[in-house]
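Open the model in your viewer and keep the selection panel at hand. The stops below go from one strand to its neighbours, and then outwards to the whole chain.

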Amino acid sequence: MKENRLLAKWLNDDLSPDELAEFEASPDFEKYQKIKNYTNHLQVDDLDENAMLSNILSQKKATPKVVPLYKKWMFRAAAIFVLAIGITLVMKFFVPQTQTADFGEKTTFSLPDHSEVVLNSGSEINYKKWNWDNNRHLELKGEAYFRVAKGRRFEVQTNLGKVTVLGTQFNVKARKNRFDVVCYEGRVKVNYANTQILLTHGQSVRFENGKQVKMNVNSLKPEWIDDQICFTKENIRTLLDEVERQYNVKIELNSKDTISLFTGKLPAKDLDTALQIISTTYHLEAKKVSENKIIFDEK
């Protein structure tokens, strides 16, 4: 502490002769002397406060960039729009497409190669647009009529069998354990279980319970396209199932006769006439118990 006090007085030239002699005899005096000699040569300019303030004020201030709030929302909206477009394109081309026809309705649509499909009531089709030119394949539940573009290979898969065609018109129906294919133009190849059949214009085949029935047809297209339900040796339960699909109704049958077969046509747009034909053929009485429910009783 004494040495620090002597150092401070020495720097201010306040030492007495005795104190000066004592301080000069200290071992650190030479170091302090060199520091003092060096600092005596340093010069510090006087601080011009007014000049410094003028220099600061004269500098150009950068104006902060302000983005209006509405522009920020526009940018966000644009980004969301672009994202939505991207998702839509992915959904359109990569995600399987589904077309349906509910009970009492028919649906017509075009495939990527412009082939036309008409779905009958209570039917569904699934397919993929992506790589369609190299994989013209779709899955059918129910019944559909196809007009395939010329020169285009085409494949229809159902839970009962598969149909392969090349530029033709044909009808496929897969209901319960019944598989029907009709060729109206060109040729179609039908695969059912371990059986493969080639159909040409005017030919049809039916598979049911392991049995195969091949027939000729004279029509140029399915009758249901023109709102006519056509039956060839059908039992009443199959007939009523189709009426339920075409008219979107529920039918209850109270009859012991479920074996007699029906051949003929029923209208698909006139329920009263259809019920009258069924009642007359099977000696039944039709009762509408509600808007969408019908009961057939024996007379």
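Begin by selecting strand S6, residues 153–157, in this predicted model, and colour its two faces separately: Phe154 and Val156 lie on the covered face, whereas Arg153, Glu155 and Gln157 lie on the uncovered one.

Keep S6 in view and add strand S7, residues 161–166, which pairs with S6 in the antiparallel sense over five bridges. The two strands form a hairpin, with three residues between them, and if you pick Arg153 you will find Leu166 of S7 standing opposite.

Now add strand S5, residues 137–147, which runs parallel to S6 and is joined to S6 by three bridges. To see one such pairing, select His137, whose bridge partner in S6 is Glu155.

Return next to Phe154 and show the residues around its side chain. Which residues does Phe154 touch, not counting those up to four places away in sequence? They are Leu111, Ser115, Trp132, Arg136, Leu138, Phe146, Val148, Val163, Thr164, Val165 and Phe170.

From here, widen the selection to the largest nonpolar core, which has 30 residues, and in which Ile125, Phe146, Phe154 and Phe170 touch the most other members. The largest share of this core, four residues, is supplied by strand S5. Apart from this core lies another, made up of 21 residues, and you can locate this other core by selecting Val249, Ile251, Ala274 and Phe296, which are among its members.

For the next stop, select helix H6, residues 236–247, and pick out Glu242 within the helix. Is Glu242 buried or exposed? Its relative accessibility is 6%, and because buried means under 20%, Glu242 counts as buried. Once neighbours within four places in sequence are left aside, Glu242 is in contact with Asn120, Arg175, Ile229 and Phe231. Take Phe231 from that list and draw a line between the two C-alpha atoms: Glu242 and Phe231 are eleven residues apart in sequence, and their C-alpha atoms are 9.9 Å apart in space.

Finally, clear the selection and show the whole protein, whose secondary structure comes to seven helices and 18 strands. Of its 299 residues, 35% count as buried. If you then switch to a surface display, the accessible surface comes to about 19600 Å², and 52% of this area belongs to carbon and sulfur atoms. Among contacts with a separation of 6 or more, 39% are between residues 24 or more positions apart.

Methods
Residues numbered from 1 in each chain as written. Predicted model: local features only at pLDDT ≥ 70, side-chain atom pairs only at ≥ 80, totals over all residues. Heavy atoms only, no water. Core = buried A, V, L, I, M, F, W, Y, C linked by side-chain atoms within 4.5 Å. Buried < 20%, exposed > 50% of the residue type's maximum accessible area, 1.4 Å probe, protein only. Contact = heavy atoms within 4.5 Å. Pairing = 2+ DSSP bridges. Areas by Shrake-Rupley, 256 points an atom, 1.4 Å probe, with all protein chains shown as cover.
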